[in-house]
Amino acid sequence: MFTAGAESLLHQARDIRDEELKKFCSRVVNLLQKDELGPDAVDALQRLFLIVSATKYKRKLEDTCVHLLQATLCSPKCPEQLQLLCASILRETSPRDDLTLSCDHIQSTRQLSLVASVLLAQGDPKGEVRSVGQRVFRILESRQPEGPSPRHLLPVVSKITHLAPHTLHEDQTNQLSKRLVDWLRYASVQQGVAHTSGGFFSTPRARQPGPVTEVDGAVATDFFTVLSTGQHFTEDQWLNVQAFSMLRAWLLHSDPEGPSAPDADDRSELEGSTLSVLSAGSTAGRLLPPRERLREKAFEYCQRLAEQSTRRALRKGDSDLQKACLVEAVLVLDVLCRQDPSFLYRTLSCLKALHARLCGDPARVRTLLPIAQFFLNHGEAAAVDSEAVLRHLLTRTPSEFFHSPMLAFELTCFCRDNLPLFGRNLDILKRSFPNLFKLLAWNSPPLTAEFVALLPSLVDADTAVEVLHALLDLPCLTAALDLQLRLSPATSERPLWDPSLKIPSCLEASRDPQFQGLLQYLLRATASGTTERLGPLHRLLQPLASCARVVQCAQAVPTLLEAFFSAVTQFADGALTKQLALLLLERSDSLFQVPQYEAHVHRVLSSRFLALCALHPSLVVELAKELLEFVGSVSGIQGRGAMLASVVWAIGEYLSVSWDRRCTVEQINRFFEALEAVLFEVTQSRPSAALPRCPPQVVTVLMTTLTKLASRSQDLIPRVSLFLSKMRTPAQSPAPSSTSCEEDAGAVRTRAAELLTLLKMPSVAQFVLTPSTEVSEPRYHRDANTALPLALRTVSRLVEKETGLLPG
Amino acid sequence: MGMGLAGSSKQGVFDRRAKAALAGGQGVRTPPLPTPGAALRARGPRPPCARHLVRALATGVRKRPGASQPPLLSHCRVLRPVSRSPQAGKEGACPGAMVHAFLIHNLRAPQAQDTGLCRVLYSCVFGAENSPDDPRPHGAERDRLLRKEQILAVARQVESMCQLQQQASGRTSVDLQLQSSDEPVPLHEAPHGAFRLAAGDPFQEPRTVVWLGVLSLGFVLVLDAHENLLLAESTLRLLARLLLDHLRLLTPSTNLLLRADRIEGILARFLPHGQLLFLNDQFVQGLEKELSASWPR
């Protein structure tokens, strides 16, 4: 347990000063120099480890101390406990440049493995990896029956091939491949003998051990694998475990490029008959090169594992191991088929059967992923359609297992990693986005980043509108999933939802057929192509809105929306943009009421609305009716300020003949009247002082837009001037409450004065407020007589003169 | 262990004998550093690469009073920003399938953000990531600093993930409190999960993190991107169970900080060099017997 005591111990370890450490090191040196290394030495080394590991900064150890740690580590008589401590201290302080450690004379493989762990932690500045590799292979090559067991060395080999793949020579690779074949395929099928260490009654009489058994207790029917079990194990059985554990990495290492040219001769007999029965037949009789032979044996091993995993395990641990073995077996088969297509034919029949068997087994659902991966990788080559496998995986699995964090993670990564492989099956993936969103809705913290990467591939012109709705409803989906779990029969002892939150009314109301339909729609597995108004459902699920999972999901939505819009603007045409803009207007006031959710989403929606308008400026003219409705319906400004400001700004920018020929004076006048009414409403008539003030940004945007419109339809100038002059006089607030309030009012007044001045010269106002597109051309800025600088000078002179005349 | 003050309990970093040896020298033992400086050093600079997303999602601000004061001995410490290797993303090794690191850290209850800091209690990195060929001096020191920061960044993210998951499933801090040490901890019900770390953030290569929260401890495996997750998950459960059993972590008086040898002994057998092993129940028992023989409980 982590207690206050541990905390104080850590502090002490960090606070130890250099001179204290120096003295402590000399104590360690004294202890290590003794003939008998006792508990004192263990205790001191434990403390030394804590001191060096507790801080991220360098700790200076005395040279003699470092030297003795290395000597102790390499000493053949030293107990394991001390060796482990020495190794861990040296590893913890690495990389270090004063190491004299070498593994050249170490006989014990366990000790060699420890020394290797120190050397491999150095980051290979002096070729440590190569030297460890060569030493390990010298021992592996010696093959003395009574020699040191290679069991402890195989993980070292794994690590070395991982760190520096080109360290091993071709013949070494072949050598190890040969031995791996022996360990994998020909381990003893008799149990090992118990090592009783000199008990009183244990005479070393040769009690014949029994045969190894399967996980269900039956006598083993075939060769030994990691799923074979017994009371005790022989050395080659241990090696079998090690060999299978490193098999996939080794296969990849020994032939990273797949079927390569130099092997063409060896395999000439197989050429052109990839799927023929001939190549599928047993090759056991022939003498194959080591690499091919290893593949052959690996294939047999995997088939045996698939067979063994059908057995009913007696122990929980073994049943878990069966699943992990199935996954590994499929992954190995995948590697084999990539390296040598002649395996494909045999593997396919095996995997089809496996898939059929596993589809109905909820406990092994995660093993479906590597199988689907296999079909994605090889479906085309094997002329097998992976569609059915993918369809099953994407339409059934997420709705049933969205609450498993590991499955959700694996399935999401599967989709993300395989995007390039989906090919013509990409449509299945796109259509199952409602299902994939369930994973996200339930597990948003770890999956948000994955979905940000996945979204661009899920969205196309057909699905964009539905995806956007689904994203906005994501927190509501979380709540609906919660409700679904509560309504379904219990699956585990511990509830998957927050039991402290009681929602009897929800559970009761959810039986209403009206809600049933909406819930089913929200929980659909695939894209439906339609959209439903979920307002009633929002109200039904409201009691769940405060639950932490829903709040977490709501926090992820803005990020996802940004990703969605960046993707969608890549391909959206005019029609889609119009649909999306309408959707933004419509959804801005129908969101699930989660604390803070609306404000955060509005921030994204408003900026994205402006961006859409900038892409297609005629949107404003085309959506005139809807925009007027939106502006006219702003009753309660609070909450929607950001959205209103960007809509009003877009009107001012793009409601102009220069952007769209269809824009008429009547249209401008109608917008003017509507906005005038809004401005009046938010500034002049405040029914009660308790209501929050309209944000000054919205007021100034409204004023600016009205001025812009007036500059385009000049009959309106007197009206807006009158309004602006009213705004210029201090607002008749009963009590100037706070300074920030006063600052806001000041900003509004200044803007009103500026706009008023500008309007006194209508042609200048039009030029400034509705600049033509030519402004962005370079000529405009170079030509001093016709151009912007001239206009700006004129305007600023005017403005300065006018402000100078202003009272106060 | 108890609430013993530094120096008064037997389990100080230096035990009495060690202290006697220290006091025997010419110098008088200097008083411990005042807390503010220590707190800052303990916390150090923020990791350069903690993911903004998680930071945004994590609730609460972790800040300690006084942490903004400069450390007393700042001139003695090399506080340099950790630079990322220019060769990040360099194709180093074959598509690996191994464990890159194992760590144990403390988990604070979601509501108790202000109590203490996220501490890495034990960490083991299997082999070094390809070392950048950094010509600047103190390259080795910086490598180590980077490694430690990477591990701490992982620990913090795991803590956030675990807290978010606990909150989401409505489990309160009560669940994280000490239970009676007689009851076996239900590991299959313990909070667990996985997430990804993109390349360069904080490791050079992309990694997958699998974590398991048991009471106030987080157990974490940092994996290569293509590792067998089912095997990793069951290995992590096995390691957690072994550590709880063999180090008696549930007994209030024990402390894993001074028992690195046992942790290393367990890792050397069950996760040698970061190689995940397919061990069936009998193999696990065999290795456990071997372990018990080396470290009588």
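How far apart are the end C-alpha atoms of helix α13 (residues 316-339) of chain A, and what span should its 24 residues have at 1.5 Å a residue? In this predicted model, the end C-alpha atoms of α13(A) lie 35 Å apart, which agrees with the 34 Å that the helix should span. Helix α13(A) is also mostly covered, with 19 of its 24 residues buried.

The comparison can be repeated for helix α34 of chain A. The table sets out the values for both helices.

| Helix | Residues | Expected span | End C-alpha distance |
|---|---|---|---|
| α13(A) | 24 residues (316-339) | 34 Å | 35 Å |
| α34(A) | 19 residues (665-683) | 27 Å | 26 Å |

In α34(A), the buried residues include Ile668(A), Phe671(A), Phe672(A), Leu675(A), Val678(A), Leu679(A) and Val682(A). Gln667(A) and Glu676(A) are buried in this helix as well. Among the elements that cover the buried residues of α34(A) are α31 (619-622), α32 (624-632), α33 (641-654), α35 (696-712) and α36 (717-728), which belong to chain A.

Two individual residues of chain A illustrate burial at a finer scale. Phe564(A) is part of helix α28 (residues 548-568) of chain A. Its relative accessibility is 0%, so Phe564(A) counts as buried. Leaving aside neighbours within four places in sequence, Phe564(A) is in contact with Leu455(A), Val459(A), Ala464(A), Val467(A), Leu468(A), Leu471(A) and Leu580(A). Phe564(A) and Phe451(A) are separated by 113 residues in sequence, while their C-alpha atoms are 9.9 Å apart in space.

Glu466(A) belongs to helix α23 (residues 464-472) of chain A. Because its relative accessibility is 5%, under the 20% cut-off, Glu466(A) counts as buried. Residues up to four places away in sequence not counted, Glu466(A) touches Phe433(A), Arg524(A), Ala527(A), Ser528(A), Gly529(A) and Thr530(A).

The report turns now to the interface between the chains. The contact involves 112 residues from chain A and 115 residues from chain B. The area buried between chain A and chain B is about 10,300 Å², and carbon and sulfur atoms give 58% of this area. Between the two chains there are 13 salt bridges. One of them joins the side chains of Arg315(A) and Asp281(B), at 3.4 Å from N to O. Across the interface, 36 residue pairs are in polar contact, with both residues at pLDDT 80 or more. On the side of chain A that touches chain B, helix α1 (residues 4-15) of chain A gives the most, with 12 residues. By class, that side of chain A has 49 nonpolar, 31 polar and 32 charged residues.

Terms used: Residues numbered from 1 in each chain as written. Chains lettered and ligands numbered in written order. Predicted model: local features only at pLDDT ≥ 70, side-chain atom pairs only at ≥ 80, totals over all residues. Heavy atoms only, no water. Contact = heavy atoms within 4.5 Å. Buried area = accessible area lost by both parts, 1.4 Å probe. Salt bridge = Lys/Arg side-chain N within 4 Å of Asp/Glu carboxyl O. Polar contact = N/O pair within 3.5 Å; in protein donor to acceptor, adjacent residues only side chain to side chain. Helix = DSSP H or I, 4+ residues; strand = E, 2+ residues; numbered from the N terminus. Nonpolar A, V, L, I, M, F, W, Y, C, P; charged D, E, K, R; others polar. Expected span 1.5 Å × (residues − 1). Buried < 20%, exposed > 50% of the residue type's maximum accessible area, 1.4 Å probe, protein only.
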